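Reader: I am new to this structure. Please take a close look at one part, the way strands are joined into sheets, and then show how that part sits in the whole.

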Amino acid sequence: MAISHLIPTYKRQPIAFERGEGAWLFDSDGNRYLDALSGIAVNTLGHAHPALVEAIADQAKRLLHTSNLYEIDVQTRLADRLCDISGMDAVFFGNSGSEANEAAIKLARLHGHNRGIDTPVVVVMEGSFHGRTLAALAATGNASAQKGFEPMPEGFLRVPYGDFDAIAELTDDNIAAVLVEPIQGEGGVRVPPADFLAGVRKLCDERDWLMMVDEVQTGVGRSGHWFAHQAAGIKPDVMGLAKGLGGGVPIGAALVAGKATPLFGPGSHGSTFGGNPLACRAALAVLETIEADGLLAHVQAMGDSIRSQIEARVDGLDHVKDIRGAGLMIGIELAEPCAHLVDAAREQGILLNVTAGNVIRLLPPLIIGPAEVERLVDGVCYLIESVAAPTTNSTGSNKAS
Ligand SMILES: Cc1ncc(COP(=O)(O)O)c(C=O)c1O
């Protein structure tokens, strides 16, 4: 497949899809693939979900875009709904996860300046991923993603992920906020200790720091809760969303609560496309469908089923180090690098991803059903038992028998 005029920022797999239906994608030869990646946690409702298709088509017929210079009814309704399910106070809409985090970082700086800090600092985590725009990249804990783009914007202080004491021991008077993923996605589906988020919340209150959660990957039902931090019984001051919110239509959001709410005012931030009628209508349809179809409970059930079945099947295999995650965000850590499993999986009709070098990452759509779960578990266990087994030394070309 010639891709002569695309800047090769992505190392693409040699396949293109023509259409999708539910949890399945179809290539031009009619081969079908079980989508256990969802466009990297985007296709919340799977592919071609009737409610989303109808909402987008109907909105496209009426109005695609006006401007944030005018009232946008569907944007207001989406903000109301997001605040209902999160307990947050207000929403700024952008178009991506990076933009959601840029907004969060700007809010942290405003909060710092309000406290009389000239050079506010945001505490960020090792292994984090917050996006590719410059400030989001500076917040990201991945040196290879930053390489070549120096100088990085200043104002970040990095600590090990999940290490409450490392944050509590910080003495820098310039700290204005903590930015944290409730579960690290790109960093390897890493789940922090059970009391970590609640501890950070308490510390932020004590020290007048904003607690900012990046729910770009974990949010909108993926963890089996609307938002993953809700499992810890806390409410952040700032929350970033994107990916799954529009079910495939680009939209991002920064939600604020409490002392973060009055920070942005007229002229302090903006986005031409942010919160346009099409994107907001799609996001409303996603939220309505998650609620109407009871998908949060479904995600918990399907996620538990996938994890427990894989655990039982791979029990005793030394090269499986850990199986972890929440809801339909599942990581299987192997002892060795296993990027070759992506090709091997695709060859047996499953689309998945490997992150952090040695973690098989499963992010199926929230609508995945029990029969598809069986197929996914069989496929993943085959990969673990055969293709990734230490003695196999596979190139990834094996086929399931
Ligand atoms: C937790 C998290 N934050 C931010 C981003 C960046 O989002 P986007 O690619 O939409 O800018 C990602 C993307 O993977 C992410 O996983």
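Author: Two strands are said to pair if DSSP finds at least two bridges between them. The model discussed here is a predicted one. With that in hand, the sheet that begins at the start of the numbering can be read.

This sheet is open and has 4 strands, in the order β1-β2-β3-β13, with mixed pairing. Its edges are β1 (17–21) and β13 (350–351); each has a single partner strand, so one side of each is left without a neighbour in the sheet. Inside the sheet, β2 (residues 24–27) runs antiparallel to β3 (residues 32–35), and 3 bridges join them. One residue pair can be named: Trp24 has Leu34 of β3 as its bridge partner. In general, strands of a sheet pair through backbone hydrogen bonds, parallel or antiparallel.

To place this sheet, the division of the protein is needed. Domain 1 consists of 17–48 and 294–387, while domain 2 covers 50–292. The residues of β1 and β13 fall within the bounds of domain 1.

Another sheet has 7 strands. It is open as well, in the order β4-β10-β9-β8-β7-β5-β6, and its pairing is mixed. Here the edges are β4 (90–94) and β6 (156–159), and because each has a single partner strand, one side of each has no neighbour in the sheet. On average, neighbouring strands of this sheet are turned by 20° against each other, direction ignored. At the β6 end, β5 (residues 121–125) and β6 pair in the parallel sense, over 4 bridges. In that pairing Arg158 of β6 is the bridge partner of Val124.

Two helices that pack on this sheet can be added. Helix α3 (residues 73–86) touches β4, β9 (238–241) and β10 (252–256), and its direction makes about 125° with that of β4. Helix α4 (residues 97–114) also packs on the sheet, and its contacts are with β4, β5, β6, β7 (175–180), β8 (210–214), β9 and β10. The direction of α4 makes about 175° with that of β8.

One further pairing leads to the contact between the domains. β11 (residues 320–326) and β12 (residues 329–334) are antiparallel partners over 6 bridges, and Arg324 has Gly331 of β12 as its bridge partner. The two strands form a hairpin with 2 residues between them, and Gly327 in the turn has a positive phi of about 55°.

The centres of the two domains, taken over C-alpha atoms, are 26 Å apart. In the contact, 29 residues of domain 1 meet 31 residues of domain 2. Between them the domains bury about 2300 Å², 61% of it on carbon and sulfur atoms. On the side of domain 1, Leu45, Leu296 and Met329 lose the most area to domain 2, together 28% of what that side buries. Met329 belongs to the residue range of β12.

Across this interface there is 1 salt bridge. Arg361 and Glu186 meet through their side chains in a salt bridge, 2.7 Å from N to O. Polar contacts across the interface come to 15 residue pairs. At least two residues of the side of domain 1 that touches domain 2 come from each of α1 (38–41), α10 (295–314), β11, β12 and β15 (359–362). Of these, α10 gives the most, with 4 residues. The hairpin strands β11 and β12 are thus among the elements that supply this side.

How values were computed: Residues are numbered from 1 along each chain as its sequence is written. This is a predicted model: local features need pLDDT of at least 70, side-chain atom pairs count only at pLDDT 80 or more; totals for chains, interfaces and linings use all residues. Side-chain values use heavy atoms; hydrogens and water are left out. Axes are lines fitted to C-alpha atoms, for helices over the stretch in contact, and angles run from 0 to 180 degrees between N-to-C directions. Contact means heavy atoms within 4.5 Å. Domain bounds come from an automatic or database domain assignment. Buried area is the accessible area (1.4 Å probe) that two parts lose on being put together, summed over both. A salt bridge is a side-chain nitrogen of Lys or Arg within 4 Å of a carboxyl oxygen of Asp or Glu. A polar contact is a pair of N or O atoms within 3.5 Å; within protein, one must be able to donate a hydrogen and the other to accept it, and residues adjacent in sequence count only if both atoms are side-chain atoms.
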